[in-house]
Amino acid sequence: MDLAQARAALRAARRVAVLTGAGISAESGIPTFRDAQTGHWARFRPEDLASPGAYRRDPELVWAWYAGRYRDVLSAQPNRGHDLLAELERQKGAGFFLATQNVDGLHARAGSGSAGGKLVELHGNLSQARDEQTGEVFPLPHPDELTLPPLSPGGQPMRPNIVWFGEFLPEAALDAAQRAFAGAEVALVIGTSSVVYPAAGLAHETRRRGGVVIELNPEATDLSAHADLSLRETASRGLELLMERA
């Protein structure tokens, strides 16, 4: 499939499913999960901070790391790629589904999930915390007002609302994503390495059922050989090319 055919398929599709990873947020200046280990945090591996065991050992340390990441994403802005996906949702309405592996909230800030489609954050959100006892999710205050570790309105300790190493993705979110990709006429996989399962398997659901799979990534991935078209472009440039009117 060439670019013109992919563009035509996307334009004609009534059901479009999208998966995004760190690549789309990199254009907003947000470091990837591992690139975030700079300065004081360079002596820690992400695995040493993003796990239930790490949290049990030192919740204040884990919260300090997440509070710093939360501050970073609040200072970032959605980029052209985020904006174009919000525009694609406006075009497709209820037939649009976006699953993101990112926890920065930039898709929602760009307007995704507000024009009839659906936005699912597979790995959680840095701006939220979860009551350790009830599992109820609450928004966090601005980092300047954040007491670590934070307490829920009921006075219970809260953990970051993030999926950690060794934990499963939220069942409802994953089920929704699998259904959307299985029913999609076109799947877009943007800025993700396609090695972390089960998210990496979503595009294969589309392909097995005869849908078109389009990948946007500057680098080759495990998905590239299986995609109908793999564009070696950034998220924003790739979406510009796909959504360009003839």
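# Cores, sheet and salt bridges: how do we know?

Guide: In this predicted model, the largest nonpolar core has 24 residues, and Val62, Trp63, Tyr66, Leu126, Leu140, Ile162 and Trp164 touch the most other members. The elements giving two or more residues to this core are α3 (52-57), α4 (59-75), β4 (124-131) and β6 (158-162). Helix α4 supplies the largest share, seven residues.

Visitor: Which residues is Leu140 in contact with, leaving aside its neighbours within four places in sequence?

Guide: They are Trp63, Tyr70, Leu126, Ser127, Gln128, Ala129, Leu146 and Pro150. Contact here means heavy atoms within 4.5 Å. Apart from this core lies another, of 23 residues. Val16, Val18, Ile214 and Leu239 are among them.

Visitor: What is the strand order of the open sheet?

Guide: The six strands run β3-β2-β1-β7-β8-β9, with parallel pairing.

Visitor: What makes β3 and β9 stand at the edges?

Guide: Each has a single partner strand, so one side of β3 (118-121) and one side of β9 (229-231) is left without a neighbour in the sheet. From one strand to the next, the twist averages 15°.

Visitor: How do you know that β7 and β8 pair?

Guide: Pairing takes at least two bridges. Strands β7 (residues 186-190) and β8 (residues 212-216) have five, in the parallel sense. Therefore they count as a pair. One bridge partner is Ile214 in β8, which matches Leu188.

Visitor: Which strands does helix α5 lie across?

Guide: Helix α5 (residues 80-92) lies across β1 (16-20), β2 (96-100) and β7. Its angle to β2 is about 150°.

Visitor: Why is helix α9 called largely enclosed?

Guide: Count the buried residues. Buried means under 20% relative accessible area. Seven of the nine residues in α9 (residues 235-243) are buried, so the rest of the structure largely encloses this helix. The seven are Ala235, Ser236, Gly238, Leu239, Leu241, Leu242 and Met243. They pack against α1 (3-12), α2 (22-26), α5, β7, β8 and β9.

Visitor: What makes Arg237 and Glu240 a salt bridge?

Guide: The cut-off is 4 Å between a side-chain nitrogen of Lys or Arg and a carboxyl oxygen of Asp or Glu. For Arg237 and Glu240 the N to O distance is 3.5 Å, so the pair qualifies. Both residues lie in α9, three residues apart, about one turn of the helix. An α-helix has 3.6 residues a turn, so residues three or four places apart point the same way.

Visitor: Why is Arg237 called partly exposed?

Guide: Partly exposed lies between the 20% and 50% limits. Arg237 has a relative accessible area of 37%, so the label fits. Glu240, at 29%, is partly exposed too.

Visitor: How do you know that Arg90 and Glu87 meet in a salt bridge?

Guide: Their N to O distance is 3.1 Å. That is within 4 Å, so it counts. They sit three residues apart in α5, about one helical turn. Glu87 is partly exposed, at 29%.

Visitor: What makes the bridge between Arg15 and Glu185 a tie between parts of the chain?

Guide: First, the distance. The closest N and O atoms are 3.6 Å apart, so the 4 Å limit is met. Then, the position. Arg15 lies in the loop between α1 and β1, and Glu185 in the loop between α7 (171-182) and β7, so the pair ties together parts 170 residues apart in sequence. Arg15 is partly exposed, at 38%. Glu185 is partly exposed, at 23%.

Visitor: How many salt bridges does a search of the whole structure find?

Guide: The search finds 12.

Notes:
Residues are numbered from 1 along each chain as its sequence is written. This is a predicted model: local features need pLDDT of at least 70, side-chain atom pairs count only at pLDDT 80 or more; totals for chains, interfaces and linings use all residues. Side-chain values use heavy atoms; hydrogens and water are left out. Helices (H or I, at least four residues) and strands (E, at least two) are DSSP runs, numbered from the N terminus. Axes are lines fitted to C-alpha atoms, for helices over the stretch in contact, and angles run from 0 to 180 degrees between N-to-C directions. Buried means under 20% relative accessible area, exposed over 50%, partly exposed in between (1.4 Å probe, protein chains only). A nonpolar core is a set of buried Ala, Val, Leu, Ile, Met, Phe, Trp, Tyr and Cys residues joined through side-chain atoms within 4.5 Å.
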